[in-house]
Number of protein chains: 2
Amino acid sequence: MTRPRTRIQRRNRETILEAALEVFSAQGFRGATLDQIAEVAGLSKPNLLYYFPSKEAIHAALLGDLLDIWLQPLREMDPEGEPLAEILTYVRRKLQMSRDMPRESRLFANEVLQGAPRMGAAITGDLAALVETKAAVIRGWIAAGRLADVHPKHLIFSIWALTQHYADFDVQVRGVLGPAEPDPYPEAERHLERLFTRMLAV
Amino acid sequence: MTRPRTRIQRRNRETILEAALEVFSAQGFRGATLDQIAEVAGLSKPNLLYYFPSKEAIHAALLGDLLDIWLQPLREMDPEGEPLAEILTYVRRKLQMSRDMPRESRLFANEVLQGAPRMGAAITGDLAALVETKAAVIRGWIAAGRLADVHPKHLIFSIWALTQHYADFDVQVRGVLGPAEPDPYPEAERHLERLFTRMLAV
DNA sequence: GAAGAATTTTACCGTCTGGTCAGCGAGGCT
DNA sequence: AGCCTCGCTGACCAGACGGTAAAATTCTTC
């Protein structure tokens, strides 16, 4: 199972995944075509299928890598830290991910929007378990009077919704703000900091 | 331009749009096929194309109806009302729409996610203008000291993100909450009320 | 109930899509 | 140099796709 043997394998697999991310995130799984991915990658379609057995497999490889990266900031929320600071750090890191990895955010959003047909297990499994763990931490903080009383899981949903919105609905955000405000993120960060501080401070 | 002349025309156009909403919202534009829509509608594919000139036209008809419905609650936000109550009402109505019209929410999300290729004009036009108007109202409330100081447009983004999240990421929300909590909405409403109250109260 | 219009179906077309296959070429090893 | 594996290509296929044409059916109106 040692996948990428040679240098050329590693390079081309990476090129393909990069192109596939570009196309899948913009079109969804069914909307994307192997020809599009091949063109973006600068490779021929049969060559794609030399490295991956099918369109499905390319998509699966992307999603497999993604969930780990995506949940890393939540994993790093420290039960020993100062509650509000921990949550604000999480919010900031998640917002940074929206800015720096919007395609990954959209890939994920596309998948979940369409009912997570290729990811259902990961959501009810790893994801649900991690959230359960962190919700318990938050519950502890609240019980200790170090954080305002909120529903822990809905708090996490709120963080996801608010931060990912800036990646997933980018065109809408920019369309509404107009050309005078070319980068929504600095203002978004101030706004979200204020929102969560006021919501959670005791 | 009086479209639906006979009863049968009106009924079949409606059947088709209902089926198209089902399919487009679950698959996106490119992912949906006329055969799928025809099957859901219980009509033959050529019969679909008797009522609508093309796949594009069906999609356009859906989106055209949608934006009006979608923005109605924001339009109804009353500049003469009590600021916090007006905003909480808006949040509640928007959350109700997520619960009662999740397919419409997902149709919209799919479109925007993929760069709003068939809706760009409406976003930078009508939508941006309406938000500008309402942002001015909010700015007035803040200046009068009747609402906490927040960025008006990012406040509106927050309302959209938080409420639509429950429709667009439904499988994720339910997957994380688990089967013990079959209806996320009552808790979501309490959570969002608390969030916006704490955020906005002076 | 016949005429004529509105609706629906059958059969079909050209294009696109995911995927296959036989072979060609390039690299590395002895 | 010769061999052999790895990497790559062009031609192709079967099915799905959006859409069309014309005939068949149903509905309305007199």
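Chain A can be laid on chain B with an RMSD of 0.0 Å. The operation is a turn of 180° with a shift of 0.0 Å along the axis. That is the relation of a two-fold axis, so the two chains are related by that symmetry in this predicted model. In chain A, the C-alpha nearest the axis belongs to A:Gly31, at 2.3 Å from it. Both copies use the same surface: 100% of the contact residues of chain A recur in chain B.

Now take one chain alone. Chain A holds ten helices and zero strands. Its pattern along the sequence is therefore α-α-α-α-α-α-α-α-α-α, by the DSSP assignment of helices and strands. The C-alpha atoms of chain A fill a box of roughly 60 × 45 × 30 Å along the principal axes. Of its 202 residues, 53% count as buried. Consider also the contacts in chain A with a separation of 6 or more: residues 24 or more positions apart account for 68% of them.

Next comes the interior. The largest nonpolar core has 142 residues. Which of them touch the most other members? They are A:Phe196 and B:Phe196. Look at the copy in chain B. Leaving out residues up to four places away in sequence, B:Phe196 touches B:Leu84, B:Leu88 and B:Val91. B:Phe196 also touches B:Leu155, B:Ser158, B:Ile159 and B:Leu162, as well as B:Ala201.

Turn to the DNA, starting with strand D. Eighteen residues surround DNA strand D. The closest come from both chains: A:Thr6, A:Gln9 and A:Tyr51, with B:Leu34 and B:Lys55. Where does the protein meet this strand, at the backbone or at the bases? Of the strand D atoms within 4 Å of the protein, 67% belong to sugar or phosphate, and the rest belong to bases.

Individual polar pairs on strand D can be picked out. An N or O atom in the side chain of A:Gln9 is 2.7 Å from a phosphate oxygen of DNA strand D. From the other chain, a polar backbone atom of B:Leu34 is 2.8 Å from a phosphate oxygen of that strand. A:Asn47 has a polar side-chain atom 3.5 Å from a sugar or linking oxygen of DNA strand D.

Which elements supply the surface near strand D? Chain A gives α1 (7–31) and α3 (45–51), and chain B gives α3 (45–51), each with at least two residues. By class, this surface divides into eight nonpolar, seven polar and three charged residues.

Strand C is next. DNA strand C is surrounded by 18 residues. The closest are A:Leu34 and A:Lys55 from chain A, and B:Ile8, B:Gln9 and B:Tyr51 from chain B. Sugar and phosphate make up 61% of the strand C atoms that come within 4 Å of the protein.

The polar pairs on strand C also involve both chains. A polar backbone atom of A:Lys55 is 2.8 Å from a phosphate oxygen of DNA strand C. A polar side-chain atom of B:Ser44 lies 3.2 Å from a phosphate oxygen of the strand. The side chain of B:Asn47 places an N or O atom 3.3 Å from a sugar or linking oxygen of DNA strand C. Two or more residues of the surface near strand C come from each of α3 of chain A, α1 (7–31) of chain B and α3 of chain B. That surface has eight nonpolar, seven polar and three charged residues.

Definitions and conventions:
Residues are numbered from 1 along each chain as its sequence is written. Chains are lettered from A and ligands numbered from 1 in the order in which they are written. This is a predicted model: local features need pLDDT of at least 70, side-chain atom pairs count only at pLDDT 80 or more; totals for chains, interfaces and linings use all residues. Side-chain values use heavy atoms; hydrogens and water are left out. A residue is near a molecule or strand if one of its heavy atoms lies within 4 Å of it. A polar contact is a pair of N or O atoms within 3.5 Å; within protein, one must be able to donate a hydrogen and the other to accept it, and residues adjacent in sequence count only if both atoms are side-chain atoms. Helices (H or I, at least four residues) and strands (E, at least two) are DSSP runs, numbered from the N terminus. Ala, Val, Leu, Ile, Met, Phe, Trp, Tyr, Cys and Pro count as nonpolar, Asp, Glu, Lys and Arg as charged, and the others, Gly among them, as polar. Copies are superposed by least squares on the C-alpha atoms of residues with pLDDT of at least 70 in both. Contact means heavy atoms within 4.5 Å. A nonpolar core is a set of buried Ala, Val, Leu, Ile, Met, Phe, Trp, Tyr and Cys residues joined through side-chain atoms within 4.5 Å. Buried means under 20% relative accessible area, exposed over 50%, partly exposed in between (1.4 Å probe, protein chains only).
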